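Please read the following account alongside the sequence and the coordinates, since it moves from one part of the chain to another and refers to individual side chains as it goes.

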Amino acid sequence: CGQQSRHIDIRFFFIKDRIDSGNMNIVYCPTEEMLADFFTKPLQGALFRKFRDVVMGKEHVNTLKRTVLDPSQERVGIHELI
């Protein structure tokens with residue numbers, strides 16, 4: 001392990017030590033709750049509209065918590081293409 005990779009070890013073990021000691025907690029955040037995806041991914045359908053409403057202030061950010069989208073809402077119908 002040379003000087004160039006030493007900083008990786010320090011960062012990794014710093015976070016690992018904090019997790020092991022209980023000072024830090026890692027929580028999985030699915031795409032349906034990740035507001036940053038609005039700015040970084042090409043979203044479509046209901047997920048796009050949901051994030052757009054939160055970003056524009058129409059809905060509160062708490063509306064993103066644990067909501068399940070119906071997969072049929074993500075598809076574009078023929079009537080929407082015209």
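A residue is called buried when its relative accessible area is under 20%, exposed when that area is over 50%, and partly exposed in between. By that scale Phe48, with a relative accessible area of 33%, is partly exposed, and this residue serves as one entry point into the aromatic part of the structure.

Before going further, the confidence of the model deserves attention, because this is a predicted model. The mean pLDDT of the protein is 77, and residues with a value of 70 or more make up 70% of it. Confidence is highest in helix α3, which spans residues 45–55 and has a mean of 91, and lowest in helix α4, residues 78–81, where the mean is 48. Over residues 75–82 the pLDDT falls below 50, and this stretch has 1 contact in the model beyond near neighbours in sequence.

The aromatic side chains can now be taken together. The structure holds 2 aromatic pairs. In one of them, the ring centres of Phe38 and Phe39 are 5.2 Å apart and the ring planes stand at 90 degrees, so this pair is edge-to-face. In the other, Phe38 and Phe48 are stacked, with 5.6 Å from centre to centre and 25 degrees between the planes. This second pair links distant parts of the chain, given that Phe38 belongs to helix α2 and Phe48 to helix α3, with their positions 10 residues apart in the numbering. Phe38, Phe39 and Phe48 thus form one aromatic cluster. As for accessibility, Phe38 is partly exposed at 21%, a value that lies outside the buried class because that class requires less than 20%, whereas Phe39, with a relative accessibility of 60%, counts as exposed.

Helix α2, which covers residues 37–40, also contains Asp37. Asp37 is buried, because its relative accessible area is 7% and the limit for that class is 20%. When neighbours within four places in sequence are left aside, the contacts of Asp37 are with Thr31, Leu43 and Phe51.

A charged residue of helix α3 closes the tour: which class of accessibility does Lys50 fall into, buried or exposed? Lys50, which lies in helix α3, has a relative accessibility of 14% and therefore counts as buried. Its C-alpha atom is separated by 9.1 Å from that of Glu32, a residue 18 positions away along the chain.

Notes. Residues are numbered from 1 along each chain as its sequence is written. This is a predicted model: local features need pLDDT of at least 70, side-chain atom pairs count only at pLDDT 80 or more; totals for chains, interfaces and linings use all residues. Side-chain values use heavy atoms; hydrogens and water are left out. Helices (H or I, at least four residues) and strands (E, at least two) are DSSP runs, numbered from the N terminus. Buried means under 20% relative accessible area, exposed over 50%, partly exposed in between (1.4 Å probe, protein chains only). Contact means heavy atoms within 4.5 Å. pLDDT is the predictor's confidence in each residue, from 0 to 100. Rings of Phe, Tyr and Trp (its six-membered ring) pair if their centres lie within 6.5 Å; planes under 30 degrees apart count as stacked, over 60 as edge-to-face and the rest as tilted.
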